[in-house]
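Visitor: Could you take me through this structure and answer some questions as we go?
Guide: Certainly; here it is.

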Amino acid sequence: NYPNPFNPSTTIRYSISTTSQVTIKIFDILGNEIKTLVDGEMSQGKYEVKYDASNLSSGIYFYRLQAGKYVDMKKMILLK
C-alpha cells in the first residue's frame, strides 16, 4: 500500500496472473475483520483499490490479499 504510514487513505495496488477469485480484507491488530475491500472473480491484470480509514483510530492494521491459492498479508500504519 502507498503511502504507508497513511492518513486517512491509502491505495493498495496488486496484479493477478490468471483469472481467479480475489478477496482483500482489512484487519485490526487483534485479528478482527474491519472491512472487505474486494470480493469477486477478477481476470488477469493490474488493479488498485483505495481505502479510506477516516473512521478508524491511529494504529497498526493489516490487509490480506487472497487470489486463488496465493495469500499474502501486509502491515499498514494509520497515523492521525
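Guide: What follows covers the overall fold, the charged pairs, the cis peptide bonds and some individual residues.

Visitor: Before that, what kind of model is it?
Guide: The model is predicted: local features need pLDDT of at least 70, side-chain atom pairs count only at pLDDT 80 or more, and totals for chains, interfaces and linings use all residues. Residues are numbered from 1 along each chain as its sequence is written, and side-chain values use heavy atoms, with hydrogens and water left out.

Visitor: How many helices and strands are there?
Guide: The chain has 0 helices and 6 strands, giving the pattern β-β-β-β-β-β along the sequence. Helices (H or I, at least four residues) and strands (E, at least two) are DSSP runs, numbered from the N terminus.

Visitor: And why is the chain called as compact as a globular protein of its length?
Guide: Its radius of gyration is 13 Å, close to the 12 Å that the globule rule gives for 80 residues, so the chain is as compact as a globular protein of that length. The radius is taken over C-alpha atoms, and the rule is 2.2 Å times the number of residues to the power 0.38. Along the principal axes, the C-alpha atoms fill a box of roughly 35 × 20 × 15 Å.

Visitor: What share of the residues is buried?
Guide: Of the 80 residues, 34% count as buried. Buried means under 20% relative accessible area, exposed over 50%, and partly exposed in between (1.4 Å probe, protein chains only).

Visitor: What about contacts over long stretches of sequence?
Guide: Among contacts between residues at least 6 apart in sequence, 56% join residues at least 24 apart. Contact here means heavy atoms within 4.5 Å.

Visitor: Changing topic: how many salt bridges are there?
Guide: A search of the whole structure finds 3 salt bridges, each being a side-chain nitrogen of Lys or Arg within 4 Å of a carboxyl oxygen of Asp or Glu. In general, side chains of opposite charge can pair when their charged atoms come close.

Visitor: Which residue does Arg-13 pair with, then?
Guide: Arg-13 forms a salt bridge with Glu-48, at 3.1 Å from N to O. This pair links distant parts of the chain, with Arg-13 in strand S1 (residues 9–16) and Glu-48 in strand S4 (residues 45–52), 35 residues apart.

Visitor: Is that Arg-13 side buried or exposed?
Guide: Arg-13 is exposed, with a relative accessible area of 54%, whereas Glu-48 is partly exposed at 47%.

Visitor: Which residues make up the other salt bridges?
Guide: Glu-33 meets Lys-25 at 3.7 Å, N to O, and Asp-72 meets Lys-74 at 3.6 Å, N to O. Glu-33 is partly exposed at 44% relative accessibility. Asp-72 is partly exposed at 24%, and Lys-74 is partly exposed at 40%.

Visitor: Where are the cis peptide bonds?
Guide: One runs from Tyr-2 to Pro-3, with omega near -10°, and another from Asn-7 to Pro-8, with omega near -15°. Pro-3 is placed in the segment before S1, and Pro-8 also lies in that segment. As a general point, most peptide bonds are trans.

Visitor: Moving into S1, what does Thr-11 touch?
Guide: Setting aside residues up to four places away in sequence, Thr-11 touches Asn-1, Tyr-2, Glu-48, Val-49 and Lys-50. Thr-11 belongs to strand S1 and is buried, at 9% relative accessible area.

Visitor: Now Gln-44: where does that residue lie?
Guide: Gln-44 lies in the loop between strand S3 (33–42) and S4, and it is exposed at 59% relative accessibility. Gln-44 and Thr-18 are 26 residues apart in sequence, yet 4.8 Å apart in space, C-alpha to C-alpha. Beyond its neighbours within four places in sequence, Gln-44 is in contact with Ile-16, Ser-17, Thr-18 and Thr-19.

Visitor: And Met-42: buried or exposed?
Guide: Met-42, found in strand S3, is buried, with a relative accessible area of 16%. Its contacts beyond neighbours within four places in sequence are Tyr-14, Ile-16, Thr-18, Thr-19, Ser-20, Val-22 and Tyr-47. The C-alpha atoms of Met-42 and Thr-18, 24 residues apart along the chain, are separated by 8.4 Å.
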